[in-house]
Amino acid sequence: MNQEQSEFQYDYQLDFEYIGNCRITYENYTPASEEDVKLSDLDPQFLDDFKIQDDSKYFLYKVEPDDSYFGLELKFNVRSADQLMQINEISENSLYEGITIKIPRKQSVPIYEQIINQEEKQENLLDSFQQASNKFFDINYVTNLGYIKGQLTVHEDVLFFYPDYNNLGNEKIMQEAKLKNVQQLQFQILLKNVIKVTKRDFPAFIQLSSKEIFRMHLIEIHLQTKRSKVALIQLIDVSQLSELMDSINSVLASYFPPTPNKIIETPTKPQLKTILPFYYNNDLKLEQSIQLAFEKLMGSNAFISYLESESEIIDQNLFMKVACYIPAIFKSQRWNILYSSTLHGSSIKTLMRNTQFSQPVIMFVRDLHKYVFGAYLSDGIQKSKDHFYGTGESFLFTFKNTQSLTVYNWINQNNFITLCDENGLAIGCGDKYGLYVDSEIYHGYSHYCETFGNEVLSSKENFVIDRMEIWGIYQG
């Protein structure tokens, strides 16, 4: 064998595979020369200049450092983050900077660009609306990130919301949602897409730093586009609530029910569509979502005192007014009736037996002239064996025969807070008791006392009891 033949043999490669029983098979493979290999024969993904092919349904987007599914959904008006994950076959944890993903082409124009383009075509649409007979309302646009302050315009065919450009809360939401333009917070809803508009009332609540009762009403705008959605708004000026509801419903009346041969069209100048960046899905979780929205709006420093029992004297509103003045630790508790003169009979012994283990308690009395008054007693009601007990947290109060509450706090002149035995119940003392109820829960009197510096609480100094109730913290 000459040297040339030997070198040629070394160009052969021996590939072998172990198949058991120590048998080795050999495959003789001779590579083609580089001159015989053509780039057109290779699969395209192996080429250095390979790029994902674009198509008519999608366009390609390179993920930026601050991108998120939620931000992309808003930025490109994509139906949902789930849609993006399904199209690109990636999970919610697989969105990284620098990767290229597909975005649906039919929804490729960002919301804020749609709005800017519309403004250019419409030659300042807002100015033209202000010249027309439209209604304007200051509202909070309620979202899962918080509420966005701005102005709602009720046009004959569409609802426009314009966010406040200078509101710090709006800027915070933009940062959380990673939005670049405040116009991405605004919405427009075609009234032809609206199914119904309803008002939802929530329980009254109190801020810990205030003794004022707050009431919240949210307006639900139910609409149907490609999916069933609910937009939540809150009026800043509650006195405008009826006006807003009437304005929207008067327009909806022209759509529902449709009359024969009537053609319902959206505005033709300009052509618009419903754009709603934040909404709640109209599904089984809607009630829970709205409740969470209410609690977020209410804030962590607010509370609601719930009545777990039915009262013959007060309602939730009157009780909340009294609850404003009790210690903060008890304000958010649930309360139930411990004693009722109607349910349990007119006996001071029964009253003491039913209330002896409860602290604190709130006592409500109504006389024959419908005056409602009573006391908050920090140490409850118990047999005191001829001596006063209690703390300066206790107070007397009266509504008289109105909805207006007057409270008389301890004024540090003496410590005669509460006295109770078989003869009756007395609260506050001086020359006379501030409030006294006899052993039969039938007669009583109210007089000025040095303990609370109060005026007469009842319709007249000596009164006859119509109803009396003692409320304590619910232990269920």
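The side chains of Glu312 and Arg467 come together in a salt bridge, 3.2 Å from N to O. A salt bridge here is a side-chain nitrogen of Lys or Arg within 4 Å of a carboxyl oxygen of Asp or Glu. The two partners sit in distant parts of the chain, 155 residues apart: Glu312 is in the loop between β16 (306-307) and α9 (316-323), and Arg467 is in strand β26 (residues 462-473). Helices (H or I, at least four residues) and strands (E, at least two) are DSSP runs, numbered from the N terminus. Glu312 counts as partly exposed, at 37% relative accessibility, and Arg467 is partly exposed too, with a relative accessible area of 24%. Buried means under 20% relative accessible area, exposed means over 50%, and partly exposed is in between (1.4 Å probe, protein chains only).

All of this comes from a predicted model, in which local features need pLDDT of at least 70, side-chain atom pairs count only at pLDDT 80 or more, and totals for chains, interfaces and linings use all residues. Residues are numbered from 1 along each chain as its sequence is written, and side-chain values use heavy atoms, with hydrogens and water left out. As for pLDDT, this is the predictor's confidence in each residue, from 0 to 100. The chain has a mean pLDDT of 79, with 76% of its residues reaching 70 or more. Confidence drops in places: pLDDT stays under 50 over residues 1-32, where the model has 20 contacts beyond four places in sequence. The same limit of under 50 holds over residues 107-116, with 27 contacts beyond four places in sequence. A contact means heavy atoms within 4.5 Å.

Now for the chain as a whole. Its secondary structure comes to 12 helices and 26 strands. Of the 476 residues in the chain, 45% are buried. Looking at contacts between residues at least 6 apart in sequence, 61% join residues at least 24 apart. No disulfides turn up: a search of the whole structure finds zero, a disulfide being a pair of cysteine sulfur atoms within 2.5 Å. Among the cysteines, Cys324 is buried, with a relative accessible area of 1%, and Cys420 is buried at 0%.

Salt bridges are another matter, as the structure holds 11 of them. Back at strand β26, Asp466 forms one with Arg366, and the closest N and O atoms are 2.8 Å apart. Asp466 lies in β26 and Arg366 in strand β18 (residues 361-367), so this pair ties together parts that are 100 residues apart in sequence. Arg366 is buried, with a relative accessible area of 15%. The opening pair belongs to the picture as well: Glu312, Arg366, Lys370, Asp466 and Arg467 are linked in a network of salt bridges.

Elsewhere, the side chains of Glu287 and Arg200 meet in a salt bridge of 2.8 Å, N to O. Glu287 lies in helix α8 (residues 286-298) and Arg200 in strand β9 (residues 194-201), so the bridge ties together parts that are 87 residues apart in sequence. Glu287 is partly exposed, at 48% relative accessibility.

Helix α8 deserves a look of its own. At 1.5 Å a residue, its 13 residues should span 18 Å, and the end C-alpha atoms are indeed 18 Å apart, which agrees. The expected span is 1.5 Å times one less than the number of residues in the helix. On the buried side are Leu286, Ile290, Ala293, Phe294, Leu297 and Met298. Seen down the axis of α8, these buried residues fall within an arc of 135°, so they line one face of the helix; the arc is that of the directions from the helix axis to the C-beta atoms. The face turned away from that buried side carries the exposed residues Gln288 and Leu292.

Two more buried residues round out the picture. Leu318 has its place in helix α9 and is buried, with a relative accessible area of 7%. Not counting residues up to four places away in sequence, Leu318 touches Phe399 and Gln403. Leu318 and Gln403 are 85 residues apart in sequence, yet 7.3 Å apart in space, C-alpha to C-alpha. Lys229, in strand β13 (residues 228-235), counts as buried at 14% relative accessibility. Leaving aside neighbours within four places in sequence, Lys229 is in contact with Ile221, His222, Leu223, Leu276, Tyr279, Tyr280 and Asn282.
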